[in-house]
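Please read the following account with the sequence and the coordinates side by side, since it moves from charged pairs to a loop residue, then to the cysteines and finally to a helix.

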Amino acid sequence: MDMTTSASVPAGSDSATVDHTVTDRLVEANERYASAFSDPGMDARPVQRVAVVACMDARIDLHAALGLKLGDCHTIRNAGGVVTDDVIRSLTISQRALGTRSVALIHHTNCGMESITEDFRHDLELEVGQRPVWAVEAFRDADQDVRQSIKRVRTSPFLLHTEDVRGFVFDVKTGLLREVDPA
């Protein structure tokens, strides 16, 4: 299967867009999308009653990788796919207000979070004169960080459903998920 991505389109291949920003192209693409759009008649409750927490890495097409369709899940993405306070906030709303019961946590191979450290915050402070209030949440071992993420979800007092929480590492070279033993 050949994948075409915007990264594989040669720069300058469309001279009409040379003066446009990426955001301009996104807005134009949305206009084309909206011209054929019809309301699917769904509400915000995911059909599969699952929330997926994953890394924001652009190489991962979560819906395709997991066989999901529009409306099947809630998708929560951040750098590393780590379970932060904000992820707990989103999962709490997902469960308590919108009916999800399962949580899938997905890290991946070759993650950029394995190559930076908490010194990133210090470097930002030196550059901008203010230290970020958030932690970088860098890690060296994706499996161990998945285990930590599982534990954070399972021990959160705000979440109602913690019995079906599973963690995985997605291989960016093969597209396969490998389940991580939480023990």
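Glu-179 is partly exposed in this predicted model, its relative accessible area being 39%. Its partner is Arg-166, with which Glu-179 forms a salt bridge whose closest N and O atoms are 2.7 Å apart. Because Arg-166 belongs to strand β4 (residues 165–170) and Glu-179 to strand β5 (residues 177–180), the pair ties together parts that are 13 residues apart in sequence. Arg-166, at 41% relative accessibility, likewise counts as partly exposed.

The structure holds 6 salt bridges, and a second one links Glu-137 with Arg-152, where the closest N and O atoms are 3.3 Å apart. Here Glu-137 sits in the loop between α4 (119–128) and α5 (142–155), while Arg-152 is part of helix α5, so that this pair ties together parts lying 15 residues apart in sequence. The two ends of this bridge can also be described by their accessibility: Glu-137 is buried, with a relative accessible area of 16%, whereas Arg-152 is partly exposed, with a relative accessible area of 29%. A further salt bridge is found between the side chains of Glu-125 and Arg-131, with an N to O distance of 3.3 Å. In that pair Glu-125 counts as partly exposed at 31% relative accessibility, and Arg-131 counts as partly exposed at 37%. As a general matter, side chains of opposite charge can pair when their charged atoms come close.

From the charged pairs we may turn to a polar residue in a loop. Thr-100 is placed in the loop between α3 (85–96) and β3 (102–108), and with a relative accessibility of 1% it counts as buried. What does the side chain of Thr-100 reach at 3.3 Å? That side chain reaches the backbone nitrogen of Gln-95 at this distance, and a polar contact of 2.8 Å also joins the side chain of Thr-100 to that of Ser-94. Leaving aside residues up to four places away in sequence, Thr-100 touches Ser-94 and Gln-95 themselves, together with Pro-46, Arg-49, Val-50, Ala-51, His-74 and His-161.

The cysteines call for a separate look. The count of disulfides in the model comes to 0. Cys-73 takes part in no disulfide, and the nearest cysteine sulfur, which belongs to Cys-55, is 16 Å away. Why does Cys-111 form no bond with the closest cysteine sulfur, in Cys-55? The sulfur of Cys-111 is 4.2 Å from that of Cys-55, which is too far for a bond, because a disulfide requires a pair of cysteine sulfur atoms within 2.5 Å. As for their surroundings, Cys-73 is buried with a relative accessible area of 12%, and Cys-111 is buried as well, with a relative accessible area of 6%.

Helix α1 completes the tour. This helix covers residues 22–35, has 14 residues, and reaches 20 Å from its first C-alpha to its last, which is close to the 20 Å expected at 1.5 Å a residue. Is helix α1 largely in the open or largely buried? Of its 14 residues the number buried is 0, and therefore α1 lies largely in the open.

Terms used:
Residues numbered from 1 in each chain as written. Predicted model: local features only at pLDDT ≥ 70, side-chain atom pairs only at ≥ 80, totals over all residues. Heavy atoms only, no water. Buried < 20%, exposed > 50% of the residue type's maximum accessible area, 1.4 Å probe, protein only. Helix = DSSP H or I, 4+ residues; strand = E, 2+ residues; numbered from the N terminus. Polar contact = N/O pair within 3.5 Å; in protein donor to acceptor, adjacent residues only side chain to side chain. Contact = heavy atoms within 4.5 Å. Salt bridge = Lys/Arg side-chain N within 4 Å of Asp/Glu carboxyl O. Expected span 1.5 Å × (residues − 1).
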